[in-house]
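Thank you all for coming. I would like to walk you through one structure this morning, slowly enough that everyone can find each residue on the screen.

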Amino acid sequence: SALVIAAVFDRDVNCRRAASAAFQENVGRQGTFPHGIDILTAADYFAVGNRVNCYLTISVYIAGFPEYTQPMIDHLVNMKINHWDSVIRELATKALHNITPQAPEYMANVVLPRLLPLSVGSDLHTRHGAILACAEITHALCKLAQENNRSVTHYFSEKSLEGLKQIHQELCSRQLYRGLGGELMRPAVCALIEKLSLSKMPFRGDPIIGGWQWLINDSLRHLTLVSSAARQHIKESAVSALAALCNEFYINERGEADPALQDELVTQYVSELQNAEEMIRCGFSRALGALPRFLLKGRLQQVLEGLKKVTVISPEDVSFAEARRDALIAIAKVCQTVGVKGDGSQQEFVCRENVDQIYATLLTGVTDYTTDSRGDVGGWVREAAMSSLMEVTLLLVRSEAGLIQADICKQIMCWLAQQSAEKIDKFRAHAGSVFLTLLHFDHPPVPHIPHREELERIFPRSEKETLNWNAASEAFPRITRLLGLPAYQYHVLLGLSVSVGGLTETTLRYSAQSLFDYMKKIQSDPSALEGFCETLLKVFEDNLRNDRVSVPLLTMLDQMLANGCFDMFTEQENHPFPVKLFTLCKEEIKRSKDIRKLRSSIGVFCGLIQFQGDMREKVFFQLFLLLCHPFPIIRKTTASQVYEMLLTYGDVVDPAVLEQAMAILSDTNWEAELPVVRERRNCLCDLMKVPRPQLVPK
């Protein structure tokens, strides 16, 4: 059995494969190993390559042969639950759970009594593995007893039951939940609480329930004191334990909660949502999301209001993106738990009275573009908001689709379309996936989706799974087609502006190419082009001085002007589009010290020179102002771009002075002192009959 054990349970893949090969050799040459061929078939050289498969599947098959059952169990208990690698310890305990039905009596009478003292022992790794093993074996024995219509305590002695209860008390009294050891102990004991609750252990009314509840609450408050790696694990295990504990021990025969307990628990959890520590908000948001229906009954508004407050960005907690993310996830979970009843009470169901408030909170999350030293942390919030919008919408569609209003559905689809056109691959892929899920859901279909027929032509059902939103080359040619649908044009253009004017090479290339292809298509349709330009100006106006949008938007406008996207208007005298665009650009760079923004604006001003009318003088005046900008790099860039502009659009200047003007632009050192530069600039103004800019006295 030693070779079999090494082939299945060794940590190192090479050792497992070597043991499998040696076992195969022995079976082939001697034929004395029991069930050799059967085991070889299951545990061949390739099968043992996957460690999880070895522990959770192959081991169960081999343990089904009586000769190997006990040695395998003993090896896991003696050698693996105390292993230095926590992944091996956890896999070993899950393997014990799966093998338990092969030897329930041995597990109950020999293994469990051996594990209980180890679970409160002095060695940290052994203690961690033993607690998880107790949890898994207990759960497996109780499931087995229930399947055989026996009492859940059938396999347990009084001493074992008492020992399981003592684990938490012993760890608590010895303060073993503190420090680095606590990072391992807390999730392990929370896993034990979850398994004992799922096992329906006869502990109702026992003081230990209060101790367990204390540990869950304390673990959620403790999240700020642990490493970021342990944080997620502790939070998830505490929340799972809470759900199982409430479902088993807090519900009476009538399926209701004790009012005093419900009041204390819900009020305490909601109050923790305004804690000054972000991680505590995260923990209790997720805890509220995990509460069962009988604890939310009569308290739904209190819970939703509390979670809504977490999602609001205020100056003190602007960087609390993880808390906002967890609150949005919790809102969807709460809605799924309580269910939908159109004319029901807002304290018990998602209904007519609260559905708008729920949607308003979730839609706020899609507009979170917070950034800090970690980058686009608002992306986590947007991702959670999109998932929650999908879950709540599908919940309503399946129950009472009439509660979904047309304007809400339009907002959801438009925001998803905008996110699908943005620059970060991961969030674009998530938005695209949610967008197509809502579009193609048909049990029954989501009502009020704008332009449904056109969308189904652009995104056929057959391509729902195969379209790779992560690849800019696949996503942008599709999403730009939505520019032709009035309902989506504004939001798609807003998303595209950030991509086309962005810094990522592949995103920039494919998004720009797709946009230019669309612009080519509408060149022969004046009304479509006019509509597009109006939307473009509206996007600019709404995002004036919002650098996240306005800086890439200027870069995009520069490219569009250079690509001749607005050639139809260049022959028209004083067309309103360039006039309004000039005014907005001027306003955007007023008092700006942002080099990237200023450089992008120079390109736009140079592009605007191609339009007919009084505006040309204003454009030249603006460019000549920038020739004497306090930043030398801006002066140099302006001179270079104006020179290129005169080469491209030579007809905008009197041919008699063109050569002289270009000589001044090319021969002057624009990085020299300002008085020198100003003199050369004024020569240009006089040459081209543009008023000299005057210094404003301070």
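Let us start with Arg11, which counts as partly exposed because its relative accessibility is 36%. Please keep in mind that what you see is a predicted model. Asp85 is a residue to look at alongside Arg11, and Asp85 counts as buried, since its relative accessibility is 10% and the cut-off for buried is under 20%. These two residues form a salt bridge with each other, and the closest N and O atoms of Arg11 and Asp85 are 2.8 Å apart. If you trace the chain between them, you will find that the pair links distant parts: Arg11 sits in the loop between α1 (2–9) and α2 (13–29), while Asp85 sits in the loop between α5 (66–80) and α6, and the two are 74 residues apart.

How many salt bridges does a search of the whole structure find? The count is 34, and I have chosen two others to show you.

One of them joins Arg374 to Glu322, with 3.2 Å between the closest N and O atoms. Arg374 lies in the loop between α18 (355–365) and α19 (378–400), whereas Glu322 belongs to helix α17 (residues 321–338), so this pair ties together parts that are 52 residues apart in sequence. Arg374 is partly exposed, at a relative accessible area of 41%, and Glu322, at 16% relative accessibility, counts as buried. Both residues also take part in a network of salt bridges, in which Lys235, Arg286, Glu322, Arg325, Asp326, Asp372 and Arg374 are linked.

The other salt bridge is the one between Glu587 and Arg545, where the closest N and O atoms are again listed at 3.2 Å apart. Here Glu587 is found in helix α29 and Arg545 in the loop between α26 (526–542) and α27 (547–562), so parts that are 42 residues apart in sequence are tied together by the pair. Glu587 counts as partly exposed at 32% relative accessibility, and Arg545 is also partly exposed, with a relative accessible area of 43%.

Let me turn now from pairs of residues to the open spaces. What is the volume of the largest pocket? The largest pocket has a volume of about 1,000 Å³. It is lined by 28 residues, and the closest of these to its centre are Arg591, Leu625, His629, Pro630 and Val696. Helices α29 (576–589), α31 and α34 each supply at least two residues of this lining, and the largest share, five residues, comes from α31. Sorted by class, the lining of the largest pocket holds 13 nonpolar, five polar and ten charged residues.

The second largest pocket contains about 430 Å³ of space. Its lining is made of 22 residues, and those nearest its centre are Glu90, Leu132, Pro187, Ala191 and His233. At least two lining residues come from each of α6 (86–99), α8 (124–147), α10 (179–198) and α12 (228–249). By class, nine residues of the lining of the second largest pocket are nonpolar, six are polar and seven are charged.

There is also an enclosed space to consider, for the count comes to one cavity of 30 Å³ or more. The largest cavity holds about 50 Å³ of space, and the residues that line it are Leu3, Val4, Ala7, Val8, Ser20, Phe23, Ile39, Leu40, Ala43 and Ile62. Helices α1, α2 and α3 (36–42) each supply at least two residues of this lining, with α1 giving the largest share, four residues. Which classes make up the lining of the largest cavity? Nine of its residues are nonpolar, one is polar and none is charged.

I will finish with a single helix, α32, which covers residues 632–648. It has 17 residues and reaches 24 Å from its first C-alpha to its last, close to the 24 Å expected at 1.5 Å a residue. Within α32, the buried residues are Ile634, Arg635, Thr637, Thr638, Ala639, Val642, Met645 and Leu646. As you look along that list, it helps to remember that an α-helix has 3.6 residues a turn, so residues three or four places apart point the same way. What covers the buried residues of α32 includes α30 (595–608), α31 (615–626), α33 (655–667) and α34 (674–687).

Terms used
Residues are numbered from 1 along each chain as its sequence is written. This is a predicted model: local features need pLDDT of at least 70, side-chain atom pairs count only at pLDDT 80 or more; totals for chains, interfaces and linings use all residues. Side-chain values use heavy atoms; hydrogens and water are left out. The expected span of a helix is 1.5 Å times one less than its number of residues. Buried means under 20% relative accessible area, exposed over 50%, partly exposed in between (1.4 Å probe, protein chains only). Contact means heavy atoms within 4.5 Å. On a 1 Å grid over the protein atoms alone, a cavity is a set of points where a 1.4 Å probe fits but cannot get out, and a pocket is an open set with protein on both sides within 12 Å along at least five of seven lines; lining residues have an atom within 4 Å of a point. Grid points are joined across faces, edges and corners, and a volume is the space filled by probe spheres set on the points. Ala, Val, Leu, Ile, Met, Phe, Trp, Tyr, Cys and Pro count as nonpolar, Asp, Glu, Lys and Arg as charged, and the others, Gly among them, as polar. A salt bridge is a side-chain nitrogen of Lys or Arg within 4 Å of a carboxyl oxygen of Asp or Glu.
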